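Reader: I'd like to learn how to read a structure like this one. Could you walk me through it, feature by feature?

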Amino acid sequence: MTINHSQLIDQVITLCGGENVFAEQAEAIPRLSDESVIAVDPEVILTGLQGVDPRWSERWQQWPDLAATRIGQFYQVDEDLLYRPTLRLLDGAVAVCNRLQQVRDTRTASEKDTHTP
């Protein structure tokens with residue numbers, strides 16, 4: 001499952017400089033196939049904590065060409081901080097922004113390693 005642009009979490013992702021690759025889905029909370037995720041090739045995959053298998057990121061390892069798998073960008077964020085428009089949303093936004101910054105830092109470090117003579 002994911003979220004489209006109508007959800008508050010989408011606004012947090014945008015605020016943090018990220019892009020929700022499923023923002024234009026017709027349903028507010030669409031169910032996705034693995035193939036639809038592979039087709040958009042996300043650099044990071046975020047999920048919540050509640051009811052999530054602790055080995056959730058392992059399922060993506062079977063697709064080594066998936067950008068998130070190649071660079072190891074799988075993160076969990078406490079969804080209770082993101083689902084309600086309360087002051088706790090600020091803590092959720094900080095958590096998402098920190099995760100997305102980790103992705104940017106990893107990408108920058110990787111680019112430096114690639115371009116070092």
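Author: Sure, and keep in mind that this is a predicted model. Let's start with the largest nonpolar core, which has 14 residues; I9, V12, C16, V44, L82, V96 and L100 are the ones that touch the most other members.

Reader: Which elements give two or more residues to this core?

Author: Those are α1 and α4. The largest share comes from α4, with five residues. Apart from this core lies another one, of eight residues, and F22, W56, W60 and L66 are among them.

Reader: Let's take α1, then. Which of its residues are buried?

Author: I9, D10, V12 and I13 are the buried residues of α1.

Reader: And why do they end up on the same side of α1?

Author: Here's the general idea: an α-helix has 3.6 residues a turn, so residues three or four places apart point the same way. In this case, the buried residues of α1 cover an arc of only 160° around the axis, which puts them on the same side of the helix.

Reader: What follows α1?

Author: G17 does, and its phi is positive, near 85°.

Reader: Now the cysteines. How many disulfides does the structure hold?

Author: It holds one. The disulfide joins C16 to C97, with an S to S distance of 2.0 Å. The angle about the S-S bond is -85°, and the link of C16 and C97 is left-handed.

Reader: What does the pair tie together?

Author: To read a link like this, look up where each end sits. C16 lies in the loop between α1 (8–15) and α2 (34–40), while C97 is in helix α4 (residues 88–115), so the disulfide ties together parts that are 81 residues apart in sequence.

Reader: Is C16 buried or exposed?

Author: The cut-off helps here: buried means under 20% relative accessible area. C16 has 6% relative accessibility, so C16 counts as buried. C97, at 24%, counts as partly exposed.

Reader: What about a polar residue such as Q73: is it buried or exposed?

Author: Q73 counts as buried, with a relative accessibility of 2%. You'll find Q73 in the loop between α3 (67–70) and β2 (74–76).

Reader: Which side chain does the side chain of Q73 join through a polar contact?

Author: The side chain of T106, at 3.3 Å. If you leave aside neighbours within four places in sequence, Q73 is in contact with E43, V44, I45, A68, Q102, V103 and T106. V44 turned up earlier, in the largest nonpolar core. Not counting residues up to four places away in sequence, V44 touches A68, Q73, Y75, L100 and V103.

Reader: On to charged pairs. How many salt bridges are found in the whole structure?

Author: Two. One of them pairs R59 with D34, and their closest N and O atoms are 2.1 Å apart. R59 lies in the loop between β1 (45–47) and α3, and D34 is in helix α2, so this salt bridge ties together parts that are 25 residues apart in sequence. R59 is partly exposed, with a relative accessible area of 41%.

Reader: And which residue forms a salt bridge with R55?

Author: D53 does, with the closest N and O atoms 3.4 Å apart. For exposed residues the cut-off is over 50% relative accessible area. R55 is at 51%, so R55 counts as exposed, whereas D53, at 38%, counts as partly exposed.

Key
Residues are numbered from 1 along each chain as its sequence is written. This is a predicted model: local features need pLDDT of at least 70, side-chain atom pairs count only at pLDDT 80 or more; totals for chains, interfaces and linings use all residues. Side-chain values use heavy atoms; hydrogens and water are left out. A disulfide is a pair of cysteine sulfur atoms within 2.5 Å. Helices (H or I, at least four residues) and strands (E, at least two) are DSSP runs, numbered from the N terminus. Buried means under 20% relative accessible area, exposed over 50%, partly exposed in between (1.4 Å probe, protein chains only). A polar contact is a pair of N or O atoms within 3.5 Å; within protein, one must be able to donate a hydrogen and the other to accept it, and residues adjacent in sequence count only if both atoms are side-chain atoms. Contact means heavy atoms within 4.5 Å. A nonpolar core is a set of buried Ala, Val, Leu, Ile, Met, Phe, Trp, Tyr and Cys residues joined through side-chain atoms within 4.5 Å. The arc is that of the directions from the helix axis to the C-beta atoms. A salt bridge is a side-chain nitrogen of Lys or Arg within 4 Å of a carboxyl oxygen of Asp or Glu.
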